[in-house]
Amino acid sequence: MTKKSFLAIIFAAVLLFSLFSCGQDNGDDEGDTPPVFSGETVVLNVYNWGEYISDGFEGALDSNKAFEEYFNEYLAPIYGFNVEVNYTTYANNEDMYSKLKSGAGNYDVVIPSDYMIEKMIGEGMLHEFTDEQRAKLSNLVYIGEDFLGENAVYDPGNRYSVPYTYGMLGVIYNTALIDEDDYLSESWELLWNPKYRGKLLQFNNQRDAFASAMYFHNIDVNTTDEAKWREALGYLLAQKELVQGYVNDEIFNKMTTASAAAAPYYAGDFLTMASENEDLSFYYPTEGTNYFVDAMCIPKNARNKDLAIEYINFMLSEEPAVANALYIGYASPNSLVLESEEYQEGMDELHEDWYEILYGKTPAEANANYDYDPAYRSFSPETQELVNALWESLKTENATELWVHVSSITITASVIALAVYTTYIRKKRSRHYRMRDREIAKARRA
Amino acid sequence: MKKKGSIMRSIAAAPHIFWAILFIVLPLIIVVYYAFTDGDGNFSFENITSLADYAPIFTLSVELAVIATFVCLIVGYPLAYIIAKARPERQRFYIMLLMLPMWTNLLIRTYSIMAILDDGGFLNTILGTTMHIVGTKGAVIFGMVYDFLPYMVLPIYTCISKIDKNMWEAASDLGCKPVQVMTRVIFPLSMSGIISGVTMVLVPSISTFYISQKLGGGTFELIGDTIERQFVTGALNTGAAISLVMMVLIIISLTVMNRFSDSDEGGIIV
């Protein structure tokens, strides 16, 4: 090793070390809150789904800003510091999980879905509220009975989480493109109807895609039986012939522009789509469907847990809860929201049937014909691996077409042939010149 | 005097070396570590051996990338030639036009293509047709060509514009017809530009993941999508193993290509 590179490595190592050590320092001062107002500002890191909080758009309440104002006015003297919310977003539970698991981010509040909360509790990633913190969650009384205690199967007794939104999966269809007979039966079968080949969409995430087939055929969505998963794969393979694509948030675009005729999606998002295209309609399949709760939690390594409790409690109070429910469009577990006139008027503007769609059916009613727990539970590593592998085979099935093979092989073969031919010509030519040079030299000597 | 210079040089190089270690070498070591361990951190070859399952996805990714690169070359070479032969002030303008789409984020461009080509999208509405484009392999190839074409044109353009003008005259004087000037002089002389253009299109095309998800309609996966999904679902070891094998394959193919570019420099085709 040269001296130069040695120096550089030492330099890098020192920098790297200082980076890690200062990270540790910060982690240690959790808990000690200065008794007198110090005038400093503490940052509260909130990590949420995209588009999942009222952001002050078109004169609505900016929930995060409102929390800062509320805290800095009333609570700052008690805590001894001001607060600033650092709000970041993720696209799905798995992204959030891998970021938290890898330790790449430090967050004080996260809002995952039920099955992910269950998984994170199991892995010791979430903070269990202390009695003192529990007492501070004074607004928890507004959360409906259906979401508390044993009803929160993912977190019995709400020891780690506070419900934020809930909802159910359903089928969105375009009345201009689908015949009445096919949607009046309100079945998952619409998504398997060969009449609409190339006009159907399916989720591009394994959990929801498999679940739609499993509700349809009354299979437990949380089964550990490999044969049942393979059966569900069979249904998805049959559907692959018919679907236009496997999509996630593209559903918004494809449904509102009528590029597709039917798709499974969440009720709250349907209301948003319907406000852009009046032909769209929605039902909960009679065979049963997914019921989910997204809830606010505090990661175990959060730096400001007490502050996070204040944030969670604030989000349960009327003004931010109503603003968030209006912005998100999902059903709210908060009784203050449903009673609010502002909420009712706002939802009336969005869609006339909003109440029927969001709150008309309880999860139990929607799943009267389904024999199992309709909520997703966290997978064991073995099941996760199996589902990964099956999803893989769904994607590779009939994935190649002949013309792709033919043209790529032709291109590769001709490039190689050209290269070989050129090399051959060059060799031949240089040999020719060498011979000639030798002959000329010979002639000169003679 | 000499010593002082070398200290200055190492100070100047330090940030780059630090950067390279932190963001290139270190991540590579982490990838290798994950590729050869199982979930509990024990040494294991299983990740690598289980990759046989992904062979169809590998093949499809390479095939689509090869086709896209070929189309890029067919479209890009004449374009580069035309730009290189234009008047200098025009050249700058054309290059700017070529770069213009790259000022927009690749994800946004791809999403826009999807909105334009979709079944109920802009194109079908304007033409009043019901073409099904999004969701086919053709759409993915189109997306790759659209997104990566500038990487093909720029090196070829640079190469052609560097060729001495006298070459054209000399070739014509020695009896070459215009077509022969092209095939026997200009094309071989621009070979190094073609090689780097091909490299710069082929490699990102093989490992692309967003284009295939949006324009392929999700009905098939390319290797980039697979790697992404492995990491998102927490299968870090398999994801790392696929990435590692990809890297090795790309390094091998680049080495082979560089061989050809060296031996072909100044060489003659046909």
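**Exercise 1. Decide whether Phe23(B) is buried, partly exposed or exposed in this predicted model.**

*Solution.* Start with the relative accessible area of Phe23(B), which is 48%. Next, recall the cut-offs: buried means under 20%, and exposed means over 50%. Phe23(B) is therefore partly exposed. Now place the residue: Phe23(B) belongs to helix H1 of chain B, residues 2-35. Finally, look at its company on the surface. Phe23(B) helps to make a nonpolar patch of about 750 Å², together with Trp19(B), Ile24(B), Val25(B), Leu26(B), Leu28(B), Ile29(B) and Ile30(B).

**Exercise 2. Describe how helices H3 and H10 of chain B pack.**

*Solution.* Two numbers are a good start, since packed helices are described by the angle between their axes and the distance between the axes. For H3(B) (residues 55-85) and H10(B) (residues 191-207), the angle is about 140° and the axes lie 9 Å apart. Then add the handedness: H3(B) passes H10(B) in a right-handed crossing. Last, find the residues that meet. From H3(B) they include Ala65(B), Thr69(B), Cys72(B) and Tyr77(B), and from H10(B) they include Ile194(B), Val198(B), Val201(B) and Leu202(B).

**Exercise 3. Explain why helix H11 of chain A can be called largely enclosed.**

*Solution.* Count first: ten of the eleven residues of H11(A), residues 305-315, are buried. The helix is therefore largely enclosed by the rest of the structure. Then check some names: among the buried residues are Lys305(A), Leu307(A), Glu310(A), Tyr311(A) and Phe314(A).

**Exercise 4. Find out what surrounds Val43(A).**

*Solution.* Begin with its element: Val43(A) sits in strand E1 of chain A, residues 41-49. Its relative accessible area is 36%, so Val43(A) is partly exposed. Now list its contacts, leaving out residues up to four places away in sequence: Val43(A) touches Glu84(A), Asn86(A), Asp108(A) and Asn304(A). To finish, compare sequence with space. Val43(A) and Leu307(A) are 264 residues apart along the chain, while their C-alpha atoms are separated by 9.6 Å.

**Exercise 5. Draw up a short profile of chain B, from its elements to its surface.**

*Solution.* Take the elements first: chain B has 13 helices and zero strands. Then take the dimensions: the C-alpha atoms fill a box of roughly 75 × 70 × 35 Å along the principal axes. Of the 270 residues, 44% count as buried. Turn to the contacts with a separation of 6 or more: residues 24 or more positions apart account for 70% of them. Finish at the surface, where chain B exposes about 14,100 Å², with carbon and sulfur atoms supplying 71% of it.

Key. Residues numbered from 1 in each chain as written. Chains lettered and ligands numbered in written order. Predicted model: local features only at pLDDT ≥ 70, side-chain atom pairs only at ≥ 80, totals over all residues. Heavy atoms only, no water. Patch = residues over 30% accessible without salt bridge, like charges linked within 9 Å, V, L, I, M, F, W, Y side chains within 5 Å. Areas by Shrake-Rupley, 256 points an atom, 1.4 Å probe, with all protein chains shown as cover. Salt bridge = Lys/Arg side-chain N within 4 Å of Asp/Glu carboxyl O. Helix = DSSP H or I, 4+ residues; strand = E, 2+ residues; numbered from the N terminus. Buried < 20%, exposed > 50% of the residue type's maximum accessible area, 1.4 Å probe, protein only. Axes fitted to C-alpha atoms, helices over the stretch in contact; angles between N-to-C directions. Left-handed = near helix turned anticlockwise from the far one by under 90°. Contact = heavy atoms within 4.5 Å.
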